[in-house]
Amino acid sequence: ALARQSRWFVHAHVAAAICQPSRQAMMTGRYPHNNGAPGFHPIDPSIPTLQAHLREAGFINGILGKVDHLAPQQKYRWEHVREMSKLGQGRDPGKYYRFAAEFLDRARSGRRPFFFMANSHDPHRPFAGSDQEKHTRLRETGDGYPDPSRIYHPGEIQVPGFLPNLPEVRREVAEYLSSCRRADDTVGAILKALDESGEAKNTIIIFLSDNGMAFPYAKANCYLSSTRTPLLVRWPGRVTPGVDRTHFICGVDFMPTILEIMRLPQPGDMDGTSFLPLLCGESQSGRESVFTTINTLASARAFPMRCLQNHRYGYIFNAWSDGQTVYRNESQTGRTWAAMQQASESDPAIAARVDFFSHRVVEELYDLENDPACLNNLATRPEFATLLGRMRVQMREAMEKTSDPQLELFIEVAGMRR
């Protein structure tokens, strides 16, 4: 329902496909390597935040869930805060409704404009109905949460192309989709509170995710399935609902866009740029591709990756890949990775996927139009050498523009010395 009322940007991407770095990139307008928080770290004290700018302009700032993923908290100037533990572990739509209504009433009573960041913990692990969730619920102390309004079953779902179609994979994807449904329930609850407040017609709603699904070859990587986000913008009376299939948007564009909408001064050294012209139905140059990153994971291990994507191709530079280092992240804790490892013992194709995920290669090149699952790396094929060279040049330009600390290594490894 929200999508039908919104402008949907098909080519929207997060700056870094992992929760805290992604969110802090949105709220600072800077890539993680430029805001002082390459991983799960607090941003540099000198970096301005969107919330601080809005607070100075008289806004009241509220947040539900994921509070510790914007750090340090004093930089974000929250006045209305509800932690995950008060929201049914971030999975209770009824509690989101209640606390959203409280915040909106507080803003209305104070006659203040508001910025409200409502973070659902669905579909983050543990997924609905999973063994991980059941274990978590057993450890909870009185703050449970409801099941999704619809439960998906393995026989009715489609496995994403980047994963093998194995029974346990299907089961976990179904659990993930059930969690997505509960996230949708939460969105509906928050919109109900907004409608009842009488402020829906005066409120801009922006819906997006912080990263792709927590499966191998998605979250905490730089593939299409890692960074692409369902960006929806509803602005009654100003934004015409529809679909933008042309322009690329990055998470670092969030802060400059909000500041321009509110006609507030913008810091001069943000990496992002406002996409307000696109909301007004105009075209905008410089949005033919997107640059995305990964640096340090929640484990505090560094696996620096960079990606440059356009409408047709995606080029990835894995600065960490040396043939020996083994990649590990949260996506390997569930059914899917265990099923892939087991199947790899008898299936050479799956064995190759398991090994590639674990070790990678320094350069990856994919035809995203014909291979959106990124199954066939073209980087070593002679007929793509010219294209590879062009993508290297574009990657270098993006890294230079953002003062990327991986630039020198990229220049050395990719043979880009001038």
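Which residue of β10 does L308 stand opposite? To find out, select L308 and look across to Y315 in β10. One thing to keep in mind as you click around: this is a predicted model.

**Stop 1: the hairpin**

Now select residues 302-310, which are strand β9, and residues 313-318, which are strand β10. These two strands form a hairpin, with two residues between them. They pair in the antiparallel sense, and five bridges hold that pairing. The L308 and Y315 pair you just looked at is part of this picture.

**Stop 2: the other neighbour of β10**

Keep β10 selected and add residues 363-367, which make up strand β11. Here too the strands run antiparallel, and five bridges join them. For a landmark, pick G314: Y366 in β11 stands opposite this glycine.

**Stop 3: inside or outside?**

Is strand β10 largely enclosed by the rest of the structure, or open? Six of its six residues are buried, so β10 is largely enclosed. Try colouring its two sides separately. Put Y313, Y315 and F317 in one colour, and G314, I316 and N318 in another. Each set belongs to one side of the strand, and both faces are covered. Why split the residues like that? Because side chains in a regular strand alternate between the two faces of the sheet.

**Stop 4: an open sheet of three strands**

Time to move to another part of the chain. Select β3 (80-82) and β4 (114-118), the edge strands of a sheet, each of which pairs on one side only. Then add β2, residues 60-64. What is the order of the strands in this open sheet? It goes β3-β2-β4, with parallel pairing. From one strand to the next, the twist averages 5°. Zoom in on β2 and β4: they run parallel and are joined by five bridges. Click L64 and you'll find A118 of β4 standing opposite.

**Stop 5: a helix across the sheet**

With the sheet still showing, select helix α4, residues 93-109. This helix lies across β2, β3 and β4, and runs at about 175° to β2.

Next, bring in helix α6, residues 167-197. How far apart are the axes of α4 and α6? They are 8 Å apart, and the helices pack at an angle of about 30°. That angle makes α4 roughly parallel to α6, because anything under 35 degrees counts that way. The crossing of α4 past α6 is right-handed.

To see who does the touching, show side chains. On α4, the contact is made by P93, Y96, Y97, A100, A101, L104 and R108. On α6, the residues involved include R182, D185, A189, I190 and L194. If you colour the contact by residue type, you get ten nonpolar, two polar and five charged residues.

**Stop 6: two loop residues**

Finish with a couple of loops. First select G36, in the loop between α2 (32-35) and α3 (50-56). Its relative accessibility is 42%, so G36 counts as partly exposed. Leaving out residues up to four places away in sequence, G36 touches H41, P42, I43 and D44. Now draw a C-alpha to C-alpha distance from G36 to R7: they are 32 Å apart in space and 29 residues apart in sequence.

Last, pick T380, in the loop between β11 and α12 (385-401). Buried or exposed? T380 counts as exposed, because its relative accessibility is 69%. From T380 to K219 is 25 Å, C-alpha to C-alpha, with the two sitting 161 residues apart in sequence.

Conventions. Residues are numbered from 1 along each chain as its sequence is written. This is a predicted model: local features need pLDDT of at least 70, side-chain atom pairs count only at pLDDT 80 or more; totals for chains, interfaces and linings use all residues. Side-chain values use heavy atoms; hydrogens and water are left out. Axes are lines fitted to C-alpha atoms, for helices over the stretch in contact, and angles run from 0 to 180 degrees between N-to-C directions. Helices (H or I, at least four residues) and strands (E, at least two) are DSSP runs, numbered from the N terminus. Angles under 35 degrees count as roughly parallel, over 145 as roughly antiparallel, 65 to 115 as roughly perpendicular and the rest as oblique. A crossing is left-handed if the near helix is turned anticlockwise from the far one by less than a right angle, and right-handed if clockwise. Contact means heavy atoms within 4.5 Å. Ala, Val, Leu, Ile, Met, Phe, Trp, Tyr, Cys and Pro count as nonpolar, Asp, Glu, Lys and Arg as charged, and the others, Gly among them, as polar. Buried means under 20% relative accessible area, exposed over 50%, partly exposed in between (1.4 Å probe, protein chains only). Two strands pair if DSSP finds at least two bridges between them.
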